Amino acid sequence: MIHKFEVNDIKMVLDVNSGAVHVIDDMIWDLLDYGPEFELDKVFSSLSHKYDKKDLTEGIDELRQLIKEDMLYSEWGDTIPYVAGPPVVKAMCLHAAHDCNLRCGYCFASTGSFNGERGMLDFETGRNALDFLISHSGNRKNLEVDFFGGEPLMNFDVVKQVVSYGRELEKRTGKTFKFTVTTNGVLLNDEIIDYINKEFVNVVISIDGRPQIHDAMRKTLNGKGSYEAIIDKAQKLAELRNQNDYYVRGTFTKHNLDFDQDVLHLADCGFKQISIEPVVAPEEEDYSIREEDLPRIFKSYDNLTKEYINRRRKGQGFNFFHFQVDLNQGPCAAKRALGCGAGNEYVAVASQGDIYPCHQFVGEKNFKMGNVNEGTFDTDMQLKFRGNNVFTKEDCSKCWAKFYCSGGCVANSYHFTGGIKKPYKLGCEMEKKRLECALAIKALEMLDSID
């Protein structure tokens, strides 16, 4: 399987199975319509009016050499990769708070309550969550715990207690906890920033971009915008982390389809690690993204690609999360097939101890997997999620982007299609556009034309 595409006048072809990416000219672009056979009679009859026959023949020879080297039209084979042995849990989203000090208009978590009662994680439940992770991690040494909410810093004392307990477990078990936190930033102060920078390997701060865009959706309990309460603290934290190991993470909606301007605003604020994600919401919401919005969204990604390249050439570069892609296909084949590991290697633990496949399933009774306080865990459901991969999803198996998106967000699949094996089509289209832009940027890097 191949995928040819063009981004900002850069013509490229991706060999899906090998991951090889080639920057091509107009003639090769046209020739690829006749592969992998490249029958000379057909090629000459169709293209000799446009290109010299000698050039066409040489081009075909080059393409056939790439095929021989398994860098074009390569085959995967019959093997479906997976991790052998019993499944293990290596990562957890631990809900420190089912409450929030903001009332964001697009919040999937019902402003922190997850469609249930508001409440805080207690230390006993947090301790049991870490014990659960240890007991289900097999021989995995490095374990990941992200403190989430709601707003986890509303329960900062318990967060610190849980981290302290994790450090004790490290000494007793030989395992290592990599703690992270996702926060709206409102409660950040010098004490909390110092603690985060000491104990957490990564931090995500929610900022949507330009002040008017951020404040339109991310409001305080009294209805005021929260941008001014966050921006200076976030800048300080990023600087103290030497602009590494953090992300400012925003959400764009139908109201700011020119989100490239929000990314650039954050870059102008000095942030070097930036992510802006499309909102996921029912179509009846006035801020939801619909199919007719895709051309404008694609234009914003193209605009961002141009400026991203320009700034890097000027030494003013920054990292945009969705433009980070590994041409060597990064992790092993099993990881690329299985994706984020939701419900399998990764679980979410709600503030009262209930276990779910990920934070976006919290509150969905059909997906409750157990409870860390009760010592229960549904391994049958775990195996069901483990078997959910790009080879077992019919739509994904035929898609050129499968080894980069790994089948997309399983929670979005469920919420929009009613099942975990059918992809969220609108999300797929945006993901594919982002990947094309990312591959074009990476190809330019490889050609030494930026950086």
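**Exercise 1. Find how helix α2 and helix α3 pack against each other, and which residues make the contact.**

Solution. Helix α2 (residues 40-47) and helix α3 (residues 53-68) have axes 11 Å apart and pack at an angle of about 135°; helices here are DSSP runs of H or I with at least four residues, strands are runs of E with at least two, and both are numbered from the N terminus. The axes are lines fitted to C-alpha atoms, for helices over the stretch in contact, and the angles run from 0 to 180 degrees between N-to-C directions. The next step is to classify the angle: under 35 degrees counts as roughly parallel, over 145 as roughly antiparallel, 65 to 115 as roughly perpendicular and the rest as oblique, and α2 and α3 are therefore oblique to each other. Their crossing is right-handed, a term used if the near helix is turned clockwise from the far one by less than a right angle, whereas anticlockwise would be left-handed. In the contact (heavy atoms within 4.5 Å), L40, V43, F44 and L47 of α2 meet K53, L56, T57 and I60 of α3. These residues divide into six nonpolar, one polar and one charged, where Ala, Val, Leu, Ile, Met, Phe, Trp, Tyr, Cys and Pro count as nonpolar, Asp, Glu, Lys and Arg as charged, and the others, Gly among them, as polar.

The model is a predicted one, in which local features need pLDDT of at least 70 and side-chain atom pairs count only at pLDDT 80 or more, while totals for chains, interfaces and linings use all residues. Residues are numbered from 1 along each chain as its sequence is written, and side-chain values use heavy atoms, with hydrogens and water left out.

**Exercise 2. Describe the packing of α10 with α16 in the same steps.**

Solution. The axes of helix α10 (residues 294-313) and helix α16 (residues 425-446) come within 10 Å and cross at roughly 20°, which makes α10 roughly parallel to α16. The crossing is right-handed. Residues of the contact include L294, I297, F298 and Y301 of α10, and L426, E429, M430 and K433 of α16. The residues of this contact divide into eleven nonpolar, one polar and six charged.

**Exercise 3. Decide whether V181, T180 and G174 are buried, partly exposed or exposed, and list what they touch.**

Solution. Buried means under 20% relative accessible area, exposed over 50% and partly exposed in between, with a 1.4 Å probe and protein chains only. V181 lies in strand β8 (residues 176-183) and, at 2% relative accessibility, counts as buried. Leaving aside neighbours within four places in sequence, the contacts of V181 include D146, F147, I196 and F200. T180, also found in strand β8, has a relative accessible area of 18% and is buried; not counting residues up to four places away in sequence, T180 touches V145, D146, F147, F200, V201 and N202. G174 sits in the loop between α5 (156-173) and β8, and at 40% relative accessibility it counts as partly exposed. With neighbours within four places in sequence left aside, G174 is in contact with K141 and L169.

**Exercise 4. Characterise the protein as a whole.**

Solution. The protein has 16 helices and 16 strands. Its radius of gyration is 24 Å, close to the 22 Å that the globule rule gives for 451 residues, so the protein is as compact as a globular protein of that length; the radius is taken over C-alpha atoms, and the rule is 2.2 Å times the number of residues to the power 0.38. Finally, buried residues make up 55% of the 451 residues.
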